[in-house]
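Student: I have a model open and would like to go through it by question and answer. Can we start with the strands and end with the odd backbone spots?

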Amino acid sequence: GDDAAIIDANQINSLLSSNKNVEALKLFLSSSPTGVKDPTSKKAARDLAFRILMAIKTAQMDGAISQLDQDSLDVLMKFIYAGFESPYEGSSGHLLVWHEKVFSATGIGSVVRVLADKRKA
Amino acid sequence: MSASIQKVGPAIPIQCHAWSSDRQTIAVSHNDKLVELYKQQPGGSWNQTDILDQHDLRVNDIDWAPNTNRIVTCSADRNAYVWVQGADGKWKHTLVLLRINRAATCVRWSPQENKFAVGSGARIISICYLDEEKDWWVAKHIRKPLRSTITTVDWHPNNILLAAGCTDFKVRVFSTYIKEIEPKPSATEWGAKMPFANLMAEFSNSPTGGGWIHAVAFNEEGTRLAWVGHDSSIAVADAPSGMVMMKLKTNLLPFLSLLWIGPNRLLAAGHDCVPVLFHVDSAGKVSQGPKLEEGGNVVEATAAASAKNMFKNKDRLGQELVDSRLGTTHQNQINSMRILEGNKVEARRVSTTAGDGALVIWNLASGALAGKLAALKI
C-alpha cells in the first residue's frame, strides 16, 4: 500500500542547525518523503530536501552516499531531479555533483525509477 | 563463438518469434500484420517458406505448440488465429472470436496445448479452448480484478494456473479451469480452490508503483514466479514459503523478457540489448550475475580517415566521430527470448530477437558462457 509521509521537519531542522547534515539526509530519506500528496506539502518537502542537499559539502557527499541503502538512493535521485526541474537560486551546479556521485553508485537504474515510479518527489 | 547472428528477413524490428518443435523453422513478425516462416537451409542461411497473412493490423505475439504443431497469432486487430498445417504443407487459419474491443497483446499455448491465453488492452484475458462438437474455439473471459492492459502471460505446468503481468504494476495468478474439457485440478502451492477466473495470488511490483510488468515466468515445477518491470527490477515470488516476494532493483535499463534457464537461474534481456544472468538462492533472494557479453559501451570510432571526413561529419552530425554502433551483438532492445535447445531446468541454447531486426542464438554451453554460468554460484 501507499506509505504516508512522516517527515519530522523539527527533528531534521535541529539536526541541520547542529551541523549533523548527513543524519538529516538519512532521516529525511527514510520518512517516505515521496508519499506527500497535496501541493503545499510537496513544496515543503522539496524545500527541505534542497536545504539538506545544499548543506552537505562536496567533500562529504561520498561519505553520505555510502551510508544510504538502495531505496534511499532511489528517493534521493528523485529529489535531485526535482531540483533540476524547479531550480533554486545557485543550486544547479551543486545538484549536478550530487547527481554524478549518486549515479556512479546506482547506475542508470535509479534514473529509470525516477521516471517509472508512480510516486514522484 | 557463443553468440551468432542469423538473418531472417530485412533489418526491420522483430516484434515476436516462435520455434517449431524440431527447431528447423521459425515464425517471426517484422512489426507488421504478417507472420513469416523461415526454414534453416543446410548452408546456415534462412529461406522464407510461408507467409501467414490474415491479420489486419500489427501482430503482437506468436506461439507455436510443439506437440500439436499449431500456431496461434494475436494482433492489434483484436483477433487471434489458430493455424494448422495441412498434408500439403499449407497453413490454414481459423479465426478465434476473442470478444475484446482493444488490441490483443500476448498469447501462449497451455502446456497440454488444449487451451491458449490471450492478454489484451481491454483489461481482459481470453482463455480459449476448442469446442469439439462445433469445431470452433470458444473464449472465456477473466476480468476481475484486472484494471489495465495485460502485457504478458505464462502458464503453470498443471495446465490450469496462469500468471499475468499488467500495466497496473501488478502480477497475478489466476485459475483457468474449464470443466468442459479437463478434470478438476488437485491443490498446488498456490491454493486449493480453483474455479475459473479465481485470483490465486496478487503481487504488487512495488509500494511506490514500480513500473509496468514486461514479462512473467513460472519455473519448471511452478513453485516460483519471476517477473521483470519497467523500474529496472527483477522479482521472484515463492509460493511454498507463503508467497514471499523478493525483488532486486538493478543498475541497468529495464528488461523486456525473461526465461528460467535452470532451477535457480534466470536470464533477462531488454533495453540494454544483451541478456543478463540472475541467480535465485534457496531463500528466494535474487542476485545479479554477468551479462552474456561485455562491450555494452558505445564503440569509439577511429578518427576520421581524412580531414575532409572529419569536417563532413561535423557539418552533418554535429560531431567529429560517428559512434552510433553499440558494442553488443544486438543493436536495439531485445523484446523476445525463447529456449531454443533444452528446457527450464537446463537450457543449452537461447534465441533473442530485437528492434534491430536480428535473430541471435546464444550458446549457453559454450566455453566462455559456461564459465560465466559456473562462476555464478553465490
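**Sheets, rings, core and loops**

Student: Which residue of S15(B) is the bridge partner of B:Asp154?

Tutor: Keep in mind that this is a predicted model. S14(B) and strand S15 (residues 161-166) of chain B pair in the antiparallel sense, over five bridges. One of the partnerships involves B:Asp154, and its partner in S15(B) is B:Ala163.

Student: Which strands are at the edges of the sheet S14-S15-S16-S17 of chain B?

Tutor: This is an open sheet of four strands with antiparallel pairing. Its neighbouring strands are turned by 20 degrees against each other on average, direction ignored. An edge strand here pairs on one side only, and that applies to S14 (150-155) and S17 (199-204) of chain B.

Student: Why is one side of S6 and of S9 in chain B left without a neighbour in the sheet?

Tutor: Chain B has an open sheet of four strands in the order S6-S7-S8-S9, paired antiparallel. Strand S6 (59-64) and strand S9 (91-96) of chain B stand at its edges, so one side of each lacks a neighbour in the sheet: each has a single partner strand.

Student: Which residue stands opposite B:Ile62 in S7(B)?

Tutor: S6(B) pairs with strand S7 (residues 71-75) of chain B. The sense is antiparallel, over five bridges. Opposite B:Ile62 in S7(B) stands B:Thr73.

Student: How are the rings of B:Trp64 and B:Trp91 arranged?

Tutor: Over all chains, the count comes to 13 aromatic pairs. In this pair the ring centres are 5.6 Å apart and the planes stand at 85 degrees. Planes over 60 degrees apart count as edge-to-face. So the pair of B:Trp64 and B:Trp91 is edge-to-face.

Student: How many residues apart in sequence are the parts that this pair ties together?

Tutor: B:Trp64 and B:Trp91 are both buried. B:Trp64 lies in strand S6 of chain B and B:Trp91 in strand S9 of chain B, so the pair ties together parts separated in sequence by 27 residues.

Student: What about B:Trp109 and B:Trp137: how are their rings arranged?

Tutor: B:Trp109 lies in strand S10 (residues 104-109) and B:Trp137 in strand S13 (residues 136-142), both of chain B, so the pair ties together parts that are 28 residues apart in sequence. Both residues are buried. The centres are 5.8 Å apart and the planes at 65 degrees, so the pair is edge-to-face.

Student: Which residue is the bridge partner of B:Leu130 in S13(B)?

Tutor: Strand S12 (residues 125-131) of chain B is joined to S13(B) by seven bridges, and the two run antiparallel. The hairpin has four residues between the strands, and B:Asp135 takes a positive phi near 55 degrees there. The partner of B:Leu130 in S13(B) is B:Trp137.

Student: Over which ring does the charged end of B:Lys140 sit?

Tutor: One ring cluster links B:Trp190, B:Phe203, B:Phe218 and B:Trp227 through ring pairs. For B:Lys140, the charged end is 4.7 Å from a ring centre. That ring belongs to B:Phe196.

Student: Now chain A. Which helix supplies the largest share of the largest nonpolar core?

Tutor: This core has 30 residues. Those with the most contacts inside it include A:Leu25, A:Phe28 and A:Ile52. A:Ile52 touches A:Ile12 and A:Leu16, among others, not counting residues up to four places away in sequence. The largest share of the core, seven residues, comes from H5(A).

Student: Where is the cis peptide bond that ends at B:Pro145, and what is its omega?

Tutor: B:Pro145 lies in the loop between S13 and S14 of chain B. The cis bond runs from B:Lys144 to B:Pro145, with omega near -10 degrees.

Student: Is B:Asn159 buried or exposed?

Tutor: B:Asn159 is in the loop between S14 and S15 of chain B. Its phi is positive, about 70 degrees, although it is not a glycine. Buried means under 20% relative accessible area. At 0% relative accessibility, B:Asn159 therefore counts as buried.

Student: What is the relative accessible area of B:Arg78?

Tutor: B:Arg78 lies in the loop between S7 and strand S8 (80-85) of chain B. Its phi is positive too, near 75 degrees. B:Arg78 is partly exposed, and its relative accessible area is 43%.

Key
Residues numbered from 1 in each chain as written. Chains lettered and ligands numbered in written order. Predicted model: local features only at pLDDT ≥ 70, side-chain atom pairs only at ≥ 80, totals over all residues. Heavy atoms only, no water. Pairing = 2+ DSSP bridges. Axes fitted to C-alpha atoms, helices over the stretch in contact; angles between N-to-C directions. Phe/Tyr/Trp six-rings, centres within 6.5 Å; stacked < 30°, edge-to-face > 60°. Buried < 20%, exposed > 50% of the residue type's maximum accessible area, 1.4 Å probe, protein only. Lys NZ or Arg CZ within 6 Å of the ring centre and 35° of its normal. Core = buried A, V, L, I, M, F, W, Y, C linked by side-chain atoms within 4.5 Å. Contact = heavy atoms within 4.5 Å.
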